[in-house]
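Visitor: I'm new to looking at structures like this one. Could you walk me through how to read a few features?

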Amino acid sequence: MKFGYYPGCSIDRNARSYHISMMAIAERLGLEFEEMEDWNCCGATEYFAINDIPAYTLVSRNLALASQQYSGEKLVAPCSACFLNLKKTDHVMGEYKEINQKVNTALEAGGLAYQPGTVSVHHLLEVIVKDVGLEAIEEQVKKPLYELRIAPYYGCMVPRPADMESFDDPEHPTSMDKLLESLGAIVVDFPLKAQCCGGHMTQISEETALELLRRLLKNADDYGADMISTLCPMCQLNLDAYQGAVNAHFGTDYNIPVIYFTQLIGLAFGIPENELGFGKEIVSAKPALEKISDEAPQEKKRRRRPGRRTGLPMPSMPEEG
Amino acid sequence: MEEKKEKTMQKEKVGVYICHCGTNIAGTIDVEEVKNWAAKNPNVEVSRDYEFMCSNTGQELIENDIKEKGLTRIVVASCSPHMHEKTFRNATERGGLNPFLFEMANIREHGSWATNDKEAATQKAKSLVNGAIERVVHHEPLEKIPVEINPNTLIVGGGIAGITAALELANAGNHVYLVEREGTIGGHMAQLDKTFPTLDCSACILTPKMVDVGQHDNITLLTYSEVEKVDGYIGNFEITVRKKARCVIEDLCTACGICEEKCPAQVVDEGYGAGLGYRKAIYRAFPQAVPGYPVLDKENCIYFQTGKCRACEKFCPTDAIDFEQEDEMLNFNVGNIIVATGYDLFDPRRIPQYGYGRLENVFTSLEFERMVNASGPTGGHIVLRDGETKPEKVAIVHCVGSRDQNYNEYCSKVCCMYSLKFAHLVHEHLPETEVFNFYIDMRTPGKGYEEFYHRLLKEDTHFIRGRVAEITDADHQPGEEGKLIVQVENTLLGKQQRIPVDMVILSAGIEAREDAAQVANLFKMGCDYDGFYNERHPKLAPVATMTDGVFIAGACQGPKDIPETVAQGGAAASQIASLIGQGTMMMEPVRASIREEDCSGCRICNNLCPYNAIEYDEEKEVSKVITALCQGCGTCVAACPSGAIDGAHFTNLQVMSELQGLLWDVQPAPEKVTA
Amino acid sequence: MTQTLSARAPSLFEEVVAETSGLGENLNTCIQCGTCGGSCPSGDDMDHTPREIFAMIREDMREEVLTSNTPWYCVSCYYCVARCPQDIHITDIMYALKRKAIEAGYYQKAGKDKAPEFSETFIDFVENNGRSFELGLATRYHLRYHPLDAFKMATGMGLKLFTKGRMDLIPPKIEGIDQLKAILKKSKELGGEA
Amino acid sequence: MTENGKPTLAMYWGASCGGCEISVLNIHENILTVDEIFDIVFFPCIADFKYKDVESYPDNYIDVCLFNGAIRNSENEEMAHLLREKSKVLVAYGSCAYEGCIPALSNLTTKEATLNKVYIDNPSIDNPKKTFPQTSTQMPEGELTLPSFYHTVKALDQVTDVDYYLPGCPPEPPQIWAVLQVIAGALTEGKELPPKGSVVGAGQTAVCDECPLEKQEKTIARFYRPYEINPDPDICLLEQGIMCMGPATRSGCGALCPSVGMGCRGCYGPTEGVEDQGAKMLSAIASVLDAGDETMEEDELEALIEEAVDTIADPSGTFYRFSMAHSILQRVKNGKGEG
Amino acid sequence: MSEQFEPVIVGFLCNWCSYRAADLAGTSRIKYAPNMRAIRVMCSGRVDPQFVLKALRNGADGVLIAGCHPGECHYVNGNIKALRRYTMLKKTLDQWGIEEERVQLLWASASEGTKLAEKVNSMTEELRELGPLRWHEKVLADNGAAHVPVKEA
């Protein structure tokens with residue numbers, strides 16, 4: 001399978017391990033990610049705060065380039081913010097004539113044009129779960145992540161592309177849960193899985209950011225997670241690099257590595273850690289990785305919430321039948 | 001053809017009346033201008049404007065002009081014909097003209113109310129009026145068609161609406177077929193514990209009525225049955241009902257309940273029990289079920305699944321169990337139909353952030369009704385999912401799935417009141433327990449409703465104005481551990497609050513039945529956007545539908561509480577009773593007819609009619625319309641390749657003339673039309 | 001359609017809607033239920049909940065709205081948008097309010113002067129290089145506005161990231177930067193920014 | 001009327017194929033009777049007359065004028081006016097004069113396209129200089145003129161007042177003879193004529209009335225081109241998916257085509273009281289298309305119907321083969337529409 | 001009104017759904033383009049293609065046929081017949097060079113006043129962009145003598 005690839009600024013450096021691991025598993029899964037030529041920054045959450053038409057335009061240049069460079073291939077963005085900005089801009093241009101017309105006039109100035117709807121934007125997770133599929137993943141699993149307790153963390157921007165149809169539930173996504181289960185890991189039911197990591201608040205109002213991070217870390221810890229699995233460079237950076245700050249600020253001693261789901265897939269595929277960018281994380285994953293056992297666990301993978309089943313019947317959930 | 005020609009030859013004297021409707025029309029349309037302009041039309045004898053044409057004086061204007069000025073046609077430009085066409089047809093008739101020599105121009109709904117542009121509105125009004133004038137000239141006098149009314153009635157749905165209607169009609173000496181999908185009648189009301197605001201026991205007031213239905217000589221009760229087919233038209237519908245096999249021989253069963261007792265299969269009771277309790281595979285929904293004999297649920301019956309067991313059969317003292325029993329098809333005729341199929345409860349699983357199905361101590365309103373009910377699974381004790389722990393704090397969340405564009409935009413109307421009722425019941429059962437009601441707006445319109453709210457205020461319920469954002473078990477701060485945390489903005493304080501509780505009750509809204517659309521199709525009714533059945537008129541015909549002879553009652557038309565539902569059941573019944581009383585009913589003469597001399601017998605039209613009203617005469621080799629069956633849609637008229645079918649009141653000549661009238665300002669020099 | 005336009009100056013509501021290029025049009029359908037305020041992860045820090053802000057916009061309380069810190073605490077997590085029963089694009093309205101506050105020179109009063117400065121520094125990089133640049137961004141932003149933080153930054157976590165090879169030293173630049181500049185220039189004219 | 005007291009007869013052609021003239025001769029020996037009854041005063045096809053002869057006649061000199069052919073150019077129209085002036089009874093003879101017929105099919109395209117097809121873009125044409133006929137050409141001898149070619153082909157009654165219509169392409173001999181007898185009767189024995197404007201020499205109902213084939217209820221899944229299917233000779237062709245204009249076409253021909261397994265083409269025009277033959281047939285056919293029902297999803301429904309409709313290769317050519325000039329829209333919109 | 005071209009649309013609205021939708025639009029005071037002039041028919045199945053052609057022939061710039069949603073027809077399936085006729089008519093009109101925007105079909109239930117209003121708005125816009133049809137002037141003008149019907153009625 002061939003895809004267009006929009007790396008986004010942080011992939012180059014900060015989130016290198018995301019990129020490395022992504023490419024490593026792509027090889028195993030026979031996926032081809034063709035990087036977009038001369039892509040530019042998506043503006044993150046900053047540009048919209050200053051000027052919206054330029055913000056949309058900034059993003060649309062990428063869409064315009066994509067529509068030139070690819071022939072119908074899906075455009076994949078591994079970064080949540082990039083994904084949302086690309087998808088949202090395409091959506092908004094389609095919905096709001098005025099914006100579409102302004103943006104295209106601006107693009108003209110650079111000899112470009114974009115017809116909303118021509119590029120279909122997808123997040124990496126969506127591609128792995130939907131296009132590749134869990135069966136294909138399971139086939140590749142050589143070293144299951146038995147006994148490794150993972151809190152699946154989606155953050156906000158992937159499950160919630162506002163009013164655009166999302167590939168997963170905006171409130172209670174489960175695609176990464178299922179993915180990690182297929183890798184043999186124990187997925188802890190992580191209530192805050194779709195909560196916010198604070199985004200750029202770390203720069204603007206550290207207290208705010210630290211509190212949000214604390215909640216996430218505490219919750220993950222309460223459920224005995226060995227590590228947090230993430231799909232966004234910003235979330236990774238905040239949870240990882242600021243974990244020390246959180247501990248300092250609240251007198252806690254969380255020590256939970258924050259790892260890209262692609263790294264975990266790679267691990268389960270039996271790819272050596274160093275080829276997956278392990279070691280770049282600030283809170284080391286080593287201790288957690290040592291917990292991985294060769295024995296399939298006795299306990300049911302997906303731990304149900306505490307509480308006896310003796311009393312009144314629980315309402316059935318669709319996926320559980 | 002020939003005589004039609006003559007008609008159009010002799011000049012008609014048209015009277016045109018433009019209504020101000022106060023300022024509703026006159027505020028936007030220059031009524032004066034339209035009146036004077038219309039007067040210039042050669043066909044127009046009189047052109048007047050008046051404050052309120054629908055008033056008696058307005059109608060008298062028409063009557064007098066007909067008598068004094070010898071008008072032969074009438075045009076009224078006012079509101080939608082769906083409002084006042086009847087009114088003015090009657091006025092025309094009182095004036096001495098055939099009521100169908102009248103035409104209406106809708107310059108309010110389609111005109112003055114639809115734009116602010118006075119100039120454009122006036123121009124449009126002229127067109128509509130002109131269209132009406134050009135059309136009415138070609139109108140022909142028509143006579144209404146009498147139909148015999150079969151005195152039997154079909155009622156679909158055995159909830160309180162259906163029960164009420166059935167008893168009303170039956171007591172008046174008419175025969176009723178009451179068809180209920182479930183094994184027993186009673187509907188949602190039978191599931192409830194107390195009823196607001198009076199708090200009288202739901203079962204206590206309902207079961208006597210159920211018994212009456214069961215024993216009534218004039219009521220044929222068909223439970224565990226569904227209507228399969230509906231043919232015919234008002235006065236004479238042909239009904240086919242599927243009586244599903246309940247594997248119990250009704251004549252032999254004594255409703256002793258031994259089979260139920262002996263049945264080894266435990267099943268979660270998703271139906272009557274709202275999923276909170278268990279039942280057997282052969283069961284009666286509840287002890288007072290009517291009829292008393294049980295239903296065998298094949299999906300969960302061990303015998304049907306594994307081929308072994310037959311316990312019920314062994315123990316039945318009267319050999320009333322029959323595993324081989326098959327569905328039965330029943331056919332009968334009725335004159336009228338009442339659809340009272342009720343509602344579905346909104347499924348809160350659709351709102352994941354409320355955790356229903358994930359967080360065990362989140363309950364639906366219906367679950368709670370069963371819980372507080374003394375005959376329910378907990379014997380009326382309010383406990384957590386574990387079946388024993390008493391909650392110290394209970395949250396009641398209003399507007400679940402209602403007033404929300406993501407789910408249902410409308411207000412479900414009853415939730416505020418039953419939420420107050422719940423709060424009261426918690427106070428009553430567990431005086432120590434704190435209750436929090438989370439609401440957007442407190443809606444208590446109804447006799448004694450607001451007073452009930454005050455009563456709850458006195459009972460120290462916490463009322464927090466704010467729509468609950470989420471319910472989670474992820475604790476952030478001390479005091480939240482092991483609790484359900486209700487996160488909300490207390491909009492009266494303008495602060496975000498996290499309130500730890502032990503139990504959450506979701507006041508789920510009312511939804512149209514899942515299969516509402518198919519049912520609407522079956523009875524040829526319309527559904528609105530939300531799936532509720534369309535009434536004929538929102539104000540003046542709330543229980544009639546677009547289809548003559550088909551009526552609706554209760555929550556299938558929209559959210560309602562018990563009193564309203566009962567009122568509608570009664571209303572539908574009395575409308576039907578009056579039809580039965582008349583014995584015959586006059587049907588609109590808007591019908592198709594085939595001119596034999598022009599029909600070539602090509603048979604194109606033969607199977608176009610949804611009511612099979614067209615038959616082919618092998619003798620004469622021409623097609624014919626059976627007038628009584630024809631509903632006047634005009635599909636065949638449009639289809640007839642040799643123009644041999646006339647659609648009364650919608651002839652080509654009439655429509656084409658209206659069309660040319662409408663286009664007066666853009667068309668070339670006026671042309672004559674050929675019919 | 002052929003609606004007649006009123007002569008009076010546009011209300012704050014109208015301005016905000018205009019600022020969102022339409023996305024915010026149904027703001028006037030807010031039923032004040034507080035779902036947004038209840039959902040907001042950083043709600044505690046806001047001086048007004050989003051719901052209050054909307055009520056204030058409807059009441060044309062220009063200064064109070066534009067000096068409020070509320071928009072600056074929006075982390076654009078979209079919970080409010082996903083949950084709003086009236087389908088109001090709250091996040092986009094918050095962006096619009098930020099822009100209006102800056103435009104009105106109000107944002108210092110919001111006590112959140114860090115936010116726009118951060119955004120602007122970020123955008124400088126994007127507009128001149130076509131890419132963002134964490135190290136440069138952080139250091140320049142801190143040096144320019146918060147020298148002390150800059151020190152903390154350089155010695156503390158910044159260092160860690162750097163040693164982990166997670167920070168660039170030289171800003172990356174795209175080839176089509178001139179094209180990008182031209183496009184953005186045009187878009188700013190259209191966007192109504194000088 | 002001439003000195004010898006015989007009523008006078010004229011027959012003239014506008015844009016036509018000549019078939020109508022043949023059809024007159026096709027009344028066999030009766031043609032002799034016609035010659036006995038009438039003095040023929042203008043009939044370019046069988047005898048040499050000049051325009052100036054006609055011009056020289058006093059008004060109403062011609063008792064009966066059978067005008068066939070459509071109005072394609074200014075010459076046709078000029079003659080229509082002239083003959084109207086000179087005739088007591090003007091009969092639109094044949095489908096061309098009655099409703100445009102085949103010539104009017106060029107209303108389905110533009111004047112330019114038509115001329116182009118005839119003078120340039122046509123395998124049998126060698127016209128390297130791209131010479132087009134001009135309405136006026138200067139020659140040393142003086143100006144040469146040609147009639148101007150119209151944009152829209154019209155029926156006779158669209159340029160002048162017509163007394164009777166005699167449909168058919170061409171009209172059927174028995175019908176012609178019947179009509180001529182009636183007229184002769186009126187002229188010689190003072191018998192009454194049918195009301196002005198009537199369609200004569202044809203029935204009132206549709207062709208199906210005369211059609212011998214067995215008719216059932218109709219549901220048509222798809223249509224076949226004549227070469228695609230071998231029809232059952234006893235069953236209604238429509239029911240077999242063969243296009244037949246019979247239901248929408250005036251009877252009078254005796255259902256000649258259907259009875260030999262060829263769908264009716266519709267040459268007798270619409271039935272009494274129908275304005276647009278094509279639209280009516282279109283409506284009828286569409287109504288009985290056996291494609292899609294109310295239980296289906298909207299897009300599935302639309303797809304099915306599209307598919308069924310597409311089995312009719314050329315709707316306008318099929319439904320409007322003879323009646324284009326008298327159709328409601330009369331021609332296609334300028335520019336597009338080479339259908 | 002502004003200088004811009006105001007197209008004239010003839011609307012054939014079925015008595016049960018779309019006519020009521022238009023009523024509802026009015027009752028709920030939804031303001032929309034005043035360019036549609038409605039003709040009430042009992043069912044969209046009554047719409048004879050001749051009506052549509054006649055409207056276009058007589059100066060209308062567009063025609064809107066509106067009926068109940070498939071499955072919601074008061075006469076069970078009249079609207080399906082309407083759809084079949086519409087599909088075939090559209091194919092024909094396309095051959096005749098009449099832009100598809102000029103003849104449109106809409107499903108609007110009695111509760112969809114907004115939908116109907118929006119359709120009228122969008123159609124008005126589309127027709128503005130296409131410009132006037134005005135058959136007699138623009139198409140039949142040169143040598144197109146006014147259409148005289150078969151016989152005097």
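Guide: Sure, and keep in mind that this is a predicted model. Let's begin right after a helix: α14(A) is followed by G270(A), whose phi is positive, near 85 degrees.

Visitor: And the helix itself, how many of the residues of α14 of chain A are buried?

Guide: Helix α14 of chain A spans residues 261-268, and eight of the eight are buried, so the rest of the structure largely encloses this helix. If you want to click through some of them, the buried residues include F261(A), L264(A), I265(A) and L267(A). Polar names turn up in that list too, among them T262(A) and Q263(A).

Visitor: Next, cysteines. How many disulfides does the structure hold over all chains?

Guide: The idea is to look at how far apart two cysteine sulfurs sit: a pair within 2.5 Å counts as a disulfide. Over all chains, the structure holds two. One joins C17(E) to C68(E), with 2.4 Å from S to S. The torsion about that S-S bond is about 100 degrees, so the C17(E) and C68(E) disulfide is right-handed.

Visitor: Where in chain E do C17(E) and C68(E) lie?

Guide: Both are in loops. C17(E) is in the one between β1 (9-14) and α1 (18-27), while C68(E) is in the one between β3 (62-67) and α3 (78-95), so the pair ties together parts that are 51 residues apart in sequence.

Visitor: Is C17(E) buried or exposed?

Guide: For this you check relative accessibility, and under 20% means buried. C17(E) has 8%, so C17(E) counts as buried. C68(E) has 4%, so C68(E) is buried as well.

Visitor: Which cysteines does the disulfide in chain B join?

Guide: That would be C201(B) and C204(B), with 2.2 Å from S to S. The link of C201(B) and C204(B) is right-handed, with 95 degrees about the S-S bond. C201(B) has 23% relative accessibility, so C201(B) counts as partly exposed.

Visitor: Why is there no bond between C309(B) and C301(B)?

Guide: Go back to the sulfur distance. The closest cysteine sulfur to that of C309(B) is in C301(B), but it is 6.3 Å away, so that is too far for a bond. C309(B) is partly exposed, with a relative accessible area of 29%. C630(B) is in no disulfide either: its nearest cysteine sulfur, in C636(B), is 6.3 Å away. C630(B) has 8% relative accessibility, so C630(B) counts as buried.

Visitor: Let's move on to where chains meet. How many residues of chain A are in contact with chain C?

Guide: A good start is to count the residues on each side, then ask how much surface gets covered. Here 66 residues of chain A are in contact with 67 residues of chain C. The two chains bury about 6000 Å² between them, and 59% of that is on carbon and sulfur atoms.

Visitor: What is the count of salt bridges between chain A and chain C?

Guide: The count is four. To see a salt bridge for yourself, find the side chains of R215(A) and D44(C), which meet at 3.7 Å, N to O. The interface of chain A and chain C also has 16 residue pairs in polar contact.

Visitor: Which helix gives the largest share of the side of chain A that touches chain C?

Guide: That's α4(A), with seven residues. The residues on this side of chain A divide into 32 nonpolar, 17 polar and 17 charged.

Technical notes
Residues numbered from 1 in each chain as written. Chains lettered and ligands numbered in written order. Predicted model: local features only at pLDDT ≥ 70, side-chain atom pairs only at ≥ 80, totals over all residues. Heavy atoms only, no water. Buried < 20%, exposed > 50% of the residue type's maximum accessible area, 1.4 Å probe, protein only. Helix = DSSP H or I, 4+ residues; strand = E, 2+ residues; numbered from the N terminus. Contact = heavy atoms within 4.5 Å. Buried area = accessible area lost by both parts, 1.4 Å probe. Polar contact = N/O pair within 3.5 Å; in protein donor to acceptor, adjacent residues only side chain to side chain. Nonpolar A, V, L, I, M, F, W, Y, C, P; charged D, E, K, R; others polar.
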